[in-house]
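The exercises below are meant for someone meeting this structure without earlier acquaintance. Please try each task with the sequence and the 3D view in front of you before reading the worked solution.

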Amino acid sequence: MPDSIAIVEESIDYAALTEQVRSNACGAVVLFMGTVREMTHGKQTVALDYEAYPEMAYKTMQQLIDEARAQWEVHSIGIEHRVGHLTLGEISVAIAVSSAHRSEAFEAGRFLIDRLKEIVPIWKKENWSDGTTEWEHPGISAE
């Protein structure tokens with residue numbers, strides 16, 4: 001199964017993404033889901049807004065997949081990131097990785113989410129319970 005990259009406005013179907021990377025050749029499938037949490041740095045979040053530069057985001061996510069494939073023996077990778085207004089508990093990003101063995105899937109998955117947050121042009125606006133907002137840019141936050 002070829003790798004997949006998507007930037008979506010609707011809810012992420014993490015089960016479908018996981019099934020997309022599964023293979024009888026693989027003994028491991030790792031799924032990472034990033035969700036909207038209520039507390040961030042001691043402040044209460046009510047929602048997040050995500051915006052992307054799609055053409056560059058797709059190109060950069062493909063670059064990350066290529067880098068992961070150069071470092072680990074993985075079978076298939078799927079990355080989906082949501083844009084728009086998300087409320088508490090909703091999934092903002094999902095990354096699924098399959099490989100013959102679990103160590104490669106775990107390591108590649110961790111690499112992909114860490115680097116995605118560092119370099120992919122997707123911006124997040126925190127909407128706080130006190131009515132204030134704050135934009136977060138790639139590479140600025142380690143969370």
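Before starting, note one cut-off: a residue is called buried when its relative accessible area is under 20%, exposed when that area is over 50%, and partly exposed in between. Note also that the structure shown is a predicted model.

**Exercise 1. The chain as a whole**

Task: Describe the secondary structure of the chain and say how it follows along the sequence.

Solution: Begin by going through the elements, which come to three helices and nine strands. Next, put these elements in their order along the sequence, where the pattern reads β-α-β-β-β-α-β-β-β-α-β-β. The radius of gyration of the chain is 15 Å, close to the 15 Å that the globule rule gives for 143 residues, so the chain is as compact as a globular protein of that length. Along the principal axes, the C-alpha atoms fill a box of roughly 50 × 25 × 25 Å. As a last step, turn to the contacts between residues at least 6 apart in sequence, of which 73% join residues at least 24 apart.

**Exercise 2. Surface and charge**

Task: Work out what share of the residues counts as buried, and how far apart the mean positions of the positive and negative charges are.

Solution: Of the 143 residues, 43% count as buried. The chain exposes about 7700 Å², and carbon and sulfur atoms supply 50% of that area. For the charges, take the 12 positive and the 23 negative ones, and find the mean position of each set; these two mean positions are 3 Å apart.

**Exercise 3. The nonpolar cores**

Task: Find which residues of the largest nonpolar core touch the most other members, and which element gives the most to this core.

Solution: The largest nonpolar core holds 28 residues, and those that touch the most other members are Ile 77, Ile 79, Val 97, Leu 112 and Leu 116. Looking at where its residues come from, at least two are supplied by each of β2 (28-35), β4 (43-52), α2 (54-71), β5 (76-82), β7 (91-99) and α3 (102-119). Helix α3 gives the most to this core, with six residues. Apart from this core lies another one of eight residues, including Ala 6, Val 8, Ala 94 and Ala 96.

**Exercise 4. Leu 116 and Glu 67**

Task: Decide whether Leu 116 is buried or exposed, and then treat Glu 67 in the same manner.

Solution: Locate Leu 116 in helix α3. Its relative accessibility is 4%, and Leu 116 therefore counts as buried, given that the cut-off for buried is under 20%. Leaving out residues up to four places away in sequence, Leu 116 touches Met 61, Leu 64, Ile 79, His 81 and Val 93. Thr 60 is 56 residues from Leu 116 in sequence, while the two C-alpha atoms are 8.2 Å apart in space.

Now move to Glu 67, which is found in helix α2. With a relative accessibility of 26%, Glu 67 counts as partly exposed. Beyond its neighbours within four places in sequence, Glu 67 is in contact with Phe 111 and Arg 115. Glu 67 and Trp 123 are 56 residues apart in sequence, and their C-alpha atoms are 22 Å apart.

**Exercise 5. Two loop residues**

Task: Establish where Gly 27 lies and what is noted about the phi of His 41.

Solution: Gly 27 lies in the loop between α1 (14-21) and β2, and it is exposed, with a relative accessible area of 69%. Its contacts, leaving aside neighbours within four places in sequence, are with Ser 99 and Ala 100. Ser 98 is 71 residues from Gly 27 in sequence, and the C-alpha atoms of the two are 7.8 Å apart.

His 41 has its place in the loop between β3 (39-40) and β4, and at 64% relative accessibility it counts as exposed. Most residues other than glycine have a negative phi. His 41, although not a glycine, has a positive phi of about 55°.

Conventions: Residues numbered from 1 in each chain as written. Predicted model: local features only at pLDDT ≥ 70, side-chain atom pairs only at ≥ 80, totals over all residues. Heavy atoms only, no water. Helix = DSSP H or I, 4+ residues; strand = E, 2+ residues; numbered from the N terminus. Rg over C-alpha atoms; globule rule 2.2 N^0.38 Å. Buried < 20%, exposed > 50% of the residue type's maximum accessible area, 1.4 Å probe, protein only. Contact = heavy atoms within 4.5 Å. Areas by Shrake-Rupley, 256 points an atom, 1.4 Å probe, with all protein chains shown as cover. Lys, Arg positive; Asp, Glu negative; His and termini not counted. Charge placed at Lys NZ, Arg CZ, Asp CG, Glu CD. Core = buried A, V, L, I, M, F, W, Y, C linked by side-chain atoms within 4.5 Å.
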